[in-house]
Amino acid sequence: MQGMSRGGGTGVESVGKANISMSVSARHPLQGIIGARTRVRSVFQPIVELDSGRVMGHEALARFPDVPDLGPLEVFARARDVGAVAELDWECRRSAYLGAGAAGLAAPLYLFVNVEPSVLGTPPPWRVDPDEVAAIVTAIPTVVELTERSLFTDPRSVIAATDWARSQSCLVALDDVGANPDSVAMLSIVRPDVIKLDRSMLADQHSDEQLRTLRAVWDHVALTGARILCEGVESERDLDRARGCGASLVQGYHLGRPAEATAVDRSGTASDEWMRLGIAPEQVPTPRTDPTSLLRGDRVRVSPVSEIARIGAALDATRSGRRIGGVVLLSLHDPEFYTSWLARRYGELAATNSLVGIIGVGEDLPPGVRGSQVQPMRDHFAYVSLDSDFAMAVVARDLGDTGPVAGRRHEWVLTWDHTEVIEVARNLLGRLTPLPHDGIPAQVAPDDERSDLADIVAMTVRIVPGVESAGLALRTSGGLRTLAASDQYPFLLDLLQHRYAEGPSMEGAQHDPIVHIEAFESDGRWMSFRAAASYAAPIASVLSFRLFTGPNGTGYLTLYSPDNHAFDAASVEAAHALAGYTAEVWTRLRGASGDDRGDVVADLGRTDLSDPLDAAAAAVGRRDDLSPHAALRSIVETSASTGSSLQQTAQQMARRTSTSPTTIPGSDFSSTGPS
């Protein structure tokens, strides 16, 4: 689905002929799971309008012919264990679109495609132009289907997936709603266009939890116009129960079993009206709200922390002692605010809410409380409490007082406005660390084994203050290609740069090799890219380095933050030094792979940090018999664990291990490239 757009397709005849047969070069981990041929077969189950009986679309379901004893859930679990989820997800999407295109399934029929949120936006494991992928999907209106399980394991990726899908004019469906009663807390975060109720919701009698789920779903439908779809319909009685749940769409064996695309019955297809679901995808990107922007106007107050905390505690007290099933999030810019009382209180909240998280104090938290490895909002704290019946947020800015924490003044605002609360919640959810096995940190492009690049990306996010996402991209005559990224956002942003032919990684040699944007939304450059990127990713600050220019392409390291003015002078210097080192590693790898590096021109000079970093890496390498790359990783890990700046750590380690610094081979660039 990379490069997907809705558009007015040219018909399915051209779809089947698109140059997208793709000679797949499967990687060994995926071969070990689904067979050497990495075959995925898609079957299609009809989705029917309840009142008219017309087919509105089909859900593509993956089958694996070479491992018939494994179901999709088990296959994806095994792929997750070996880091092959991205490739498997692409294989399933590829099979779905090729199968649908070959069978002539196109508008007005919808194709429901299941995706793994944590890998949506990663590049395909085949060499294919995104425009070629778009040639297939323009004719097939798409509903991106997410599981409710992913809402809590990796909310950051779910938010990115929904925003990206809408930027491509897709609809969004939330699957299995009702299987976990906690999922209703996230309806307003995801804003699904189609809510797929789990089969358990077709019971003769609903439990209190199920009734609470239904009420929340009905409220969402009344507010947004979303459609309810009941799954697992196996009898006329189930159809009656689906009506009782408010469903207008149904799916199940009673209406049609999953079948090969060539066997799909289209006799009951809806008419040729384009939008048969009656839901128009969001067409105009709307920039995200920066939580700090709420601190404007006459509702802003100034109070000491103790007063703000007292008001928050009073509101909490009205909701204590009962199961809420909501989302409670706290972001602290100063770890001193995290007291033993606060730790106990959030441990209690975790027992009665669906998702509780604290950002800014690490991950050593009470059981059930989620943490974060990324930066909190600078000089601000924020609090959100959200469920199906309640929405409140507090955002406060530190005024710089010293002395006891309780007496430090902040300007702050409390909002009950549902839209504002949702935007604050989405910002904080995007900072939470995914639960194990659902994220894909330091991703490497599927056809690139150069793990050193991915390792550098991970180190950059860890050590440069303010950085939340980072990616390495190579621009050639064929466009922009992501080689490594800390998460899915750099992949998505590189895709948008490729599409609009503008952005920090599309700047040529005539421009400054360092691009520093402190407020992305108000920056005057790249209007098309900026509008799409502001919608698709939480991006406010950008720091991009052109690493080298050569006959085979230009390399870029780009860093992102969700906060304005996130990169101060120390951040820029640390990033600059790591960018120089990245250029050396990258060009060395290109030389090792046979690429011509003789004409490569290094675009970055050295900084005040370069010499101590080189000296420390050389000294640590000699002492511990490490490669330059491993020595740098040791310095970065020491800096992160001690809380010292990269420069302080490098200087201390250089003095401690050696008095005769030696430059890392190849890191001292000349005007004609690395030595």
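**Exercise 1.** In this predicted model, state whether R39 is buried, partly exposed or exposed.

*Solution.* Take the relative accessibility of R39: 35%. Buried means under 20%, and exposed means over 50%. R39 therefore counts as partly exposed.

Now look at its partner. The side chains of R39 and D66 meet in a salt bridge, 3.1 Å from N to O. R39 sits in the loop between α2 and β1, while D66 sits in the loop between β2 and α3. The two are 27 residues apart. D66 has a relative accessible area of 26%, so D66 is partly exposed.

**Exercise 2.** Find what the salt bridge between R426 and D163 ties together.

*Solution.* Start with the contact: the side chains meet at 2.6 Å, N to O. Next, place the residues. R426 lies in helix α13 and D163 in helix α7, so the pair ties together parts 263 residues apart in sequence. Both residues are buried.

Then place the helix of R426. Helix α13 lies across β10, β11, β13, β14 and β15. It runs at about 115° to β13.

**Exercise 3.** Compare the burial of E336 and R408.

*Solution.* Their side chains form a salt bridge of 3.4 Å, N to O. E336 is in the loop between β10 and α12, and R408 is in the loop between β14 and β15. E336 has 48% relative accessibility and counts as partly exposed. R408, at 9%, counts as buried.

**Exercise 4.** Name the edge strands of the open sheet of 7 strands.

*Solution.* Write the order: β9-β15-β14-β13-β10-β11-β12. The edges are β9 and β12, and each pairs on one side only. Strand β12 pairs with β11 in the parallel sense.

Notes
Residues are numbered from 1 along each chain as its sequence is written. This is a predicted model: local features need pLDDT of at least 70, side-chain atom pairs count only at pLDDT 80 or more; totals for chains, interfaces and linings use all residues. Side-chain values use heavy atoms; hydrogens and water are left out. Two strands pair if DSSP finds at least two bridges between them. Helices (H or I, at least four residues) and strands (E, at least two) are DSSP runs, numbered from the N terminus. Contact means heavy atoms within 4.5 Å. Axes are lines fitted to C-alpha atoms, for helices over the stretch in contact, and angles run from 0 to 180 degrees between N-to-C directions. A salt bridge is a side-chain nitrogen of Lys or Arg within 4 Å of a carboxyl oxygen of Asp or Glu. Buried means under 20% relative accessible area, exposed over 50%, partly exposed in between (1.4 Å probe, protein chains only).
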